[in-house]
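Thank you all for coming. I would like to walk through one chain this morning, starting with its overall make-up and then moving to its cores, its unusual backbone positions and its empty spaces.

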Amino acid sequence: MRRTIMAACLIFLFGCGNGQEAEDQERTQERTEEQEQTKEREGKDDGEGDVSSAVVFDGLRTPWNVIREAGTFYITEREGNIVEGADRKRRLPVELTRPVAAQGEGGLLGMVLDPGFTKNKQAYVYHSYRTDRGIANRIVAIVREQDSWEEKVTLLEGIPGGRIHNGGRLEIGPDGLLYATAGDAGNPDLAQDAESLAGKILRMQLDGRPAEGNMQGYVYSYGHRNPQGLVFIRNVLYASEHGQSGHDEINRIEKGKNYGWPLIEGKQEQEGLVTPWYEVGEQSKAPSGIDTKDGKLLFATLVGQSLRQIDLNTKKVDVLTDGYGRIRDVLVDEGVYFITNNTDGRGSPKGGDDRLIRMKD
């Protein structure tokens, strides 16, 4: 059974005219900043990484999201597969009514398991797909079958997408609702457009209906550039977000608030707009997946090529591990795990990339 939510009819734009140019500029900037930061790591760019960590899986293909249930890892790969396993990995295709478009920063992105996964084998994924007007994104429920994952129902589609800034992270909150990050699709003005789903954090029920109490339709907060991480800590929602040139952000998300893009960024202030809870400063780190452990927020960084943590009280930041190149996601589950992202077209792959790695206690 397949159902298309009414919000698919919302007007959305894709920024096709200068999307490639914007991506090229962003790619060049990322490479320059990564090269500068790599030089600072003296002796840790040999592909071996921190000796206090151990490889769980290698040979991953542009992985994006990692979760774990009952000892089994589930890792999305942007080309459209889910890798699963405990000690040995198995790669399963995801069969969808609209095929995955693994283009630019798009593809099979976020994944979260249904609260009843043990019995119903259902999960939710966020992925890019092609339309007559270009790239868009959608959120669907999928079910684990014997040798594949199969689409069960569409929750929401028509989320603006493009070669860059697709967002894509999913999280189920303590309220039992599904949260999703949507980037500005390379068109900054959409983040402030009330009629667009782009540049927003979205909230819905697990059957795809908009959650009651949203500021409008599916929109929970707005004014976001490219939010890529979500985690609840003591009922407070945190989101990581890429800045335009440095000034990456970690925000505390509140319903109906405007987080400023493209009107302000970094520490800039303007009435009615939220200044970030934390921002990295002039040199980009590109935070992606986030999680929490012992009163701290852990965040994977792409340009920063490291796993970092920030104290929720003091905002003191420490590097937990580096030397593995780009890091896309982090998972805290009977240990701290992270996935590298050197095969995404912006990294420099080495033997074994990409990998799921566990930090030793």
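Let me begin with a term: by contact I mean heavy atoms within 4.5 Å. With that rule, among contacts in the chain between residues at least 6 apart in sequence, 56% join residues at least 24 apart. I should say at once that this is a predicted model, in which local features need pLDDT of at least 70 and side-chain atom pairs count only at pLDDT 80 or more, while totals for chains, interfaces and linings use all residues. Residues are numbered from 1 along each chain as its sequence is written, and side-chain values use heavy atoms, with hydrogens and water left out.

The secondary structure comes to two helices and 24 strands, where helices (H or I, at least four residues) and strands (E, at least two) are DSSP runs numbered from the N terminus. Of the 361 residues in the chain, 59% are buried; here buried means under 20% relative accessible area, exposed over 50%, and partly exposed in between, with a 1.4 Å probe and protein chains only. The chain exposes about 14700 Å², of which carbon and sulfur atoms supply 45%, the areas coming from the Shrake-Rupley method with a 1.4 Å probe and, for residues, with only the protein chains shown counting as cover.

Now to the interior. In soluble globular proteins, nonpolar side chains tend to be buried together. A nonpolar core, for our purposes, is a set of buried Ala, Val, Leu, Ile, Met, Phe, Trp, Tyr and Cys residues joined through side-chain atoms within 4.5 Å. The largest such core has 21 residues, and Ile139, Leu178 and Leu202 are the ones that touch the most other members. Strands that each supply at least two residues of this core include S7 (122–131), S8 (134–144), S9 (149–160) and S12 (200–204), and S9 gives the most, with four residues. Apart from this core lies another, of 16 residues, among them Tyr74, Ile82, Val94 and Ile142. As for Leu202, if we leave aside its neighbours within four places in sequence, its contacts include Leu156, Ile159, Leu178, Tyr218 and Tyr220.

Next, the backbone. Where are the cis peptide bonds that I would like you to look at? One joins Trp261 and Pro262, with omega about 0°, and Pro262 is found in the loop between strand S16 (249–253) and strand S17 (278–279). Another runs from Asp353 to Asp354, with omega near -5°, and Asp354 sits in the loop between strand S23 (336–340) and strand S24 (356–359).

Two residues that are not glycine also deserve a look for their phi values. His247 has a positive phi of about 55°, in the loop between strand S15 (236–241) and S16, and His247 is buried, with a relative accessible area of 17%. Ala286 likewise has a positive phi of about 55°, in the loop between S17 and strand S18 (287–293), and is buried, with a relative accessible area of 3%.

Asp353 and Asp354 come up again when we turn to Gly59, since Gly59 touches Lys89, Arg91, Gly352, Asp353 and Asp354, not counting residues up to four places away in sequence. Gly59 lies in the loop between strand S1 (53–57) and S2, and is partly exposed, with a relative accessible area of 33%. Gly59 and Leu356 are 297 residues apart in sequence, yet 9.1 Å apart in space, C-alpha to C-alpha.

Finally, the empty spaces. On a 1 Å grid over the protein atoms alone, a cavity is a set of points where a 1.4 Å probe fits but cannot get out, whereas a pocket is an open set with protein on both sides within 12 Å along at least five of seven lines, and lining residues have an atom within 4 Å of a point. Grid points are joined across faces, edges and corners, and a volume is the space filled by probe spheres set on the points. The largest pocket holds about 500 Å³ of space, and of the 26 residues that line it, the closest to its centre are Ile67, Val112, Glu171, Asp291 and Leu331. Strand S2 (63–69) gives the most to this lining, with five residues.
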